[in-house]
Amino acid sequence: MTERRPVRSYVLRQGRTTPAQSRALDALGPRYAIPFAPALLDRVAVFGRSAPLVVEIGSGMGETTLEIAKAEPATDFLAIEVHAPGVGSLLRGIEAAGLTNLRVIRHDALDVLEQMIADGSLAGIHLFFPDPWPKKRHHKRRLVQPAFAALAARKLAAGGMLHLATDWPDYAEQMLTVLSAEPLLENTVEGFAPRPERRPRTKFELRGERLGHPVHDFVFRRRS
Ligand SMILES: C[S@@+](CC[C@H](N)C(=O)[O-])C[C@H]1O[C@@H](n2cnc3c(N)ncnc32)[C@H](O)[C@@H]1O
């Protein structure tokens, strides 16, 4: 009997990991990466303390992740990314900066949220520039759907923040519609939010702006 394949929000590409990224995965993975396991994360064991925890979904190459974790040492960050080269780069960044408040899991973020994160436990969730899946027949792969909004809201503590950004106008509209319809979430502003200072602008974003792609941020709060 074949198992039904779930619709994934990513496609894993092979063979583009640089030697430095591969070395980082082998040598630094055991130190800074957490293996996926279908059991709640022991936060104190992982970070050596009890601090507010922010999860980032799809950290990519990890530039934003590293900058925010450096700027906010009192908060712990868990980056979740499926793409091996990105995880390799982030591991190198964690090592270079000596960060103790940032760890990474190489796995589907939806499984991690469901199975490793307790309900009502997160100070924040970041989702920056998720894959836009522009073709209509691929829209079902977009992460921000009603089930995602419900899952994210359930994992946030009361007052916890869900912060998203996209440079894809119709995905921005979808985000606003989907998040506004989730009863456990409230928008912190009317419509789109101005870019919060804490989210640094990446090279990718600056290039997009030069090409005339407007960037929209959303900051929703979990109701109590
Ligand atoms: C367009 S990139 C943006 C990366 C980064 N956030 C940035 O702003 O540069 C989207 C990333 O999300 C990752 N991704 C997509 N779906 C994911 C999932 N379900 N779990 C973990 N990572 C995912 C992809 O591998 C990709 O690296």
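These legends walk you through a few views of a predicted model.

**View 1. The whole protein, with eight helices and seven strands.** Helices (H or I, at least four residues) and strands (E, at least two) are DSSP runs. The C-alpha atoms fill a box of roughly 50 × 45 × 40 Å along the principal axes.

**View 2. The ligand and the residues around it.** Here 15 residues surround the ligand, each with a heavy atom within 4 Å of it. The closest are Ser9, Gly58, Glu81, Ala109 and Phe128. By class, this shell holds six nonpolar, six polar and three charged residues, with Gly counted among the polar ones.

**View 3. Polar contacts between backbone and ligand (N or O pairs within 3.5 Å).** A backbone N or O atom of Gly58 lies 2.8 Å from a ligand nitrogen. For Ala109, a polar backbone atom is 2.8 Å from a nitrogen of the ligand, and for Phe128 the distance is 2.7 Å. The protein covers 87% of the 600 Å² of accessible area that the ligand has on its own (Shrake-Rupley method, 1.4 Å probe).

**Notes on the model.** Residues are numbered from 1 along each chain as its sequence is written, and side-chain values use heavy atoms, without hydrogens or water. Local features need pLDDT of at least 70 and side-chain atom pairs 80 or more, while totals for chains, interfaces and linings use all residues.

Definitions and conventions:
Polar contact = N/O pair within 3.5 Å; in protein donor to acceptor, adjacent residues only side chain to side chain.
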